[in-house]
2 protein chains.
Amino acid sequence: MSEQHIPYKMYLNENEIPSAWYNLRADMPIKPAPLLNPGTKQPMTVDELSGVFCRELAEQELDNDTRFIPIPAEIRDFYRMYRPSPLVRAYFLEEKLGTPAHIYYKFEGNNTSGSHKLNSAVAQAYYAKKQGLRGVTTETGAGQWGTALSMACSFFGLDCKVYMVKVSYEQKPFRREVMRTYGASVTPSPSMDTAIGRKINAEHPGTTGSLGCAISEAVETAVGTPGYRYVLGSVLNQVLLHQSVIGLETKAVLDKYGVKADIVIGCAGGGSNLGGLIAPFMGEKLRGENDYRIIAVEPASCPSFTRGRYAYDFADTGMVCPLAKMYTLGADFIPAPNHAGGLRYHGMSPVLSELYHEGLMEAVSVKQTDVFEAAELFARVEGILPAPESSHAIRVAIDEALKCKETGEAKNIVFGLTGTGYFDMLAYEKFHDGKMTDYVPTDEELAVYAAKLPQID
Amino acid sequence: MSEQHIPYKMYLNENEIPSAWYNLRADMPIKPAPLLNPGTKQPMTVDELSGVFCRELAEQELDNDTRFIPIPAEIRDFYRMYRPSPLVRAYFLEEKLGTPAHIYYKFEGNNTSGSHKLNSAVAQAYYAKKQGLRGVTTETGAGQWGTALSMACSFFGLDCKVYMVKVSYEQKPFRREVMRTYGASVTPSPSMDTAIGRKINAEHPGTTGSLGCAISEAVETAVGTPGYRYVLGSVLNQVLLHQSVIGLETKAVLDKYGVKADIVIGCAGGGSNLGGLIAPFMGEKLRGENDYRIIAVEPASCPSFTRGRYAYDFADTGMVCPLAKMYTLGADFIPAPNHAGGLRYHGMSPVLSELYHEGLMEAVSVKQTDVFEAAELFARVEGILPAPESSHAIRVAIDEALKCKETGEAKNIVFGLTGTGYFDMLAYEKFHDGKMTDYVPTDEELAVYAAKLPQID
């Protein structure tokens, strides 16, 4: 198919919203390592996982075989509220950079949660409701996942209790109000409501919190409250499965216009966006049908791919969750306050970790001020104020486009613009005032946490 | 054409973005009363207006005859960044209300300015650049207009100086940061930078400001700075002209799907959204081709249509602007702090004022807490967090839909959802905490200001 005229915004029709999620694991010759029971160190079973997650999600978590899992009608209806999301041709950015590259971004920010997180939130809330549960607990970093889950729970009539990493809770007071608008309760983490929260507060007075700690609190509350389960917005296989809707739409609309991506770029915290965006591209790569450069972008302040170890580790600070084999900085690693709150997780999706380990994708870490420079440039020419998390991908997309300018290559660069930065203006203010710093952990710091990794295998 | 299956989001294609604005005045048998020179009380000429506005905009301001004015290619390119905007069928809201009515809303919030204001901002910045100006000044209430103008000026490389009503400046600190991201300078109004600002601060110590005052400061600065002109985000004929893109798209996509609107509803501050949304519908009504109920919704705290006088008045507190004949509460009227900052203007578009005066449209005023109740309901079922301004229209759309429920009528209700409320979370917080009040001015208060209206005609 030859390349057609490309509009600024490439949309699928509503009836082209994918009818099934794509389970990339089915195409992986080497599967991600299994989750282990933190007590017995044996692979978790569906029955064991069902104490924490609802049953259908536990099944999805362990399903390495089914390539396509149908999306229930109720979820597809909800998707119609805000999907298909546009794939935007960044004509203005290309012109500004003077690059021969063609830049495309899949924009997931046109919904009130402000990000792609809603894609999995609605799925998890739906299955919880279907199982007859009363409510769910979760953690949130930047607040996008908490907002998304609040929206989904409100829609299906479920209670929603959110532990919000303290640094984000303080930096983003209005995020809490959005969640309240959707009827959720929001608690800064570490809190004094849980045993693990009290322990961490005692051991690290004044801590600004971490996702690992907030996860522990949310799990403790879910397990201790009848009719509740825990849900998670990233890292897990099930989340990447739900987020495959991003990649499937991206691939479908590129195919519709006869465009073959050369490079696919996504920001990576726990891996929810990246895993979803790249799924169909990586699938073709694994099946030998097509080749793509796939690049994960992470903050230099929390560099799990580029400076972490590939090892079994706890998913949470409290060590109540299953152990996962992943690139990790160590479950105790609490990154310095960093405005890309959604990219502060110590570990990385086991699926992506295995793919990276096999050399099927690249990873780059970028400094915060470079990210904000890219964010501001992007805002000015493309008219969208990007979230700091998303701006990591913008930074590397711009860098790749500038390389094309040097070589004269007209590569097709596709990146995920996961969300908007309306609740990140304190960070933009610091950047404007020249007060933003670039924290990068030293090797010595990282070694301290790496030494504490559990010794498994 | 029979009614087709309606998707959740009805989009036009990019090549269906209108190629010309529609000038409703050309179809008005009785034209809006002319702007008067504040000194001579004679109708303003293009030459006189050109001292304040750039020339092509001055011409548009006084053009009562040309039905369609072509949209320059540069502006259409910019529109492609965020237009066509979706017309959404509110299936979830209909279901929640149990109404047989069909509810549609034109959503103008999917851009970083967060509202429809960008439609006119880009036009005004374009003409200023074309004329070779250095920069523009303006005022902003809720901050949406200022943000939109900042984006447009950044795009065309113009300086942008914004006077922001003090109450909004304080309630929305992050709005200022968004404008700064786009390189604008933002000053709380009344300031000490201008003669009128100093006068108002002296006469009303501690005042929270008003649009009328901020306009005076912006005009004073524009007139006193070489290479600068003043631009305004509402009230003016030229603004309604640019905003006709909203109505044209709405009408075109309804026609495409074979839907005939019965009721068209818009919130009204200065009238920019309402005038743009209703333009083609009102045009058909004026030409006798179709009938529509058209409803303006204003806050009970600033009820220019429903409790104001139809008279010549100053557009600004400082009386430096031309006099306009409009529904007005008096140029000195400073509404109590009200979170729908964009609907705090004392007057109303002369075009809309004339149409209302002739009985061609209705007006309703609504209380703030009723508005937020509608906003929260809407956010929960439709997944969009609406701006307080926009929520005035939601309130009345819901009320009309509930009337249909009583009568069993399946009316087609179309309303303008002008923007998102991400920067209004302080107001939502007050609402959630039960601390929101419903200020309604007394007849005595209004009489004080009405008595000060200039006596013309």
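**Chain B and chain A: sheets and interface**

I begin in chain B, where strand E1 runs antiparallel to strand E4, residues 87-89, the two being joined by two bridges. One pairing to look for is Met10(B), whose bridge partner in E4(B) is Leu87(B). Please keep in mind that this is a predicted model.

Let me place that pair in its sheet. In chain B, seven strands make up an open sheet with mixed pairing, and their order is E1-E4-E5-E15-E10-E11-E14. Which strands form the edges? They are E1(B), residues 9-10, and E14(B), residues 362-366, and each of these pairs on one side only. As a general reminder, strands of a sheet pair through backbone hydrogen bonds, in either a parallel or an antiparallel sense.

A helix also belongs in this picture. Helix H12 of chain B, residues 272-286, lies across strands E10 (263-267), E11 (293-299) and E15 (412-417) of chain B, and H12(B) runs at about 160° to E10(B).

I turn now to chain A. Its open sheet has seven strands in the order E1-E4-E5-E15-E10-E11-E14, again with mixed pairing. The edge strands here are E1(A), at 9-10, and E14(A), at 362-366. Within the sheet, E10(A), residues 263-267, and E11(A), residues 293-299, pair in the parallel sense over five bridges. Ile263(A), for example, has Arg293(A) as its bridge partner in E11(A). Helix H12 of chain A, residues 272-286, lies across E10, E11 and E15 (412-417) of chain A, at about 155° to E10(A).

The remaining topic is the interface. How many residues does each chain bring to the contact? Chain B contributes 43 residues and chain A contributes 43 residues. The size of an interface is often given as the accessible area lost when the parts come together. Between chain B and chain A, the buried area is about 4000 Å², with carbon and sulfur atoms giving 58% of it.

As for polar interactions, six salt bridges are counted between chain B and chain A. One of them links the side chains of Asp433(B) and Arg180(A), at 2.6 Å from N to O. There are also 25 residue pairs in polar contact between the two chains, both residues at pLDDT 80 or more.

On the side of chain B that touches chain A, at least two residues come from each of H3 (73-82), H6 (144-156), H8 (173-181), H15 (368-382) and H17 (425-432) of chain B. H8(B) gives the most to that side, with six residues. By character, the residues of that side of chain B divide into 22 nonpolar, eight polar and 13 charged.

Note on methods:
Residues numbered from 1 in each chain as written. Chains lettered and ligands numbered in written order. Predicted model: local features only at pLDDT ≥ 70, side-chain atom pairs only at ≥ 80, totals over all residues. Heavy atoms only, no water. Contact = heavy atoms within 4.5 Å. Buried area = accessible area lost by both parts, 1.4 Å probe. Salt bridge = Lys/Arg side-chain N within 4 Å of Asp/Glu carboxyl O. Polar contact = N/O pair within 3.5 Å; in protein donor to acceptor, adjacent residues only side chain to side chain. Helix = DSSP H or I, 4+ residues; strand = E, 2+ residues; numbered from the N terminus. Nonpolar A, V, L, I, M, F, W, Y, C, P; charged D, E, K, R; others polar. Pairing = 2+ DSSP bridges. Axes fitted to C-alpha atoms, helices over the stretch in contact; angles between N-to-C directions.
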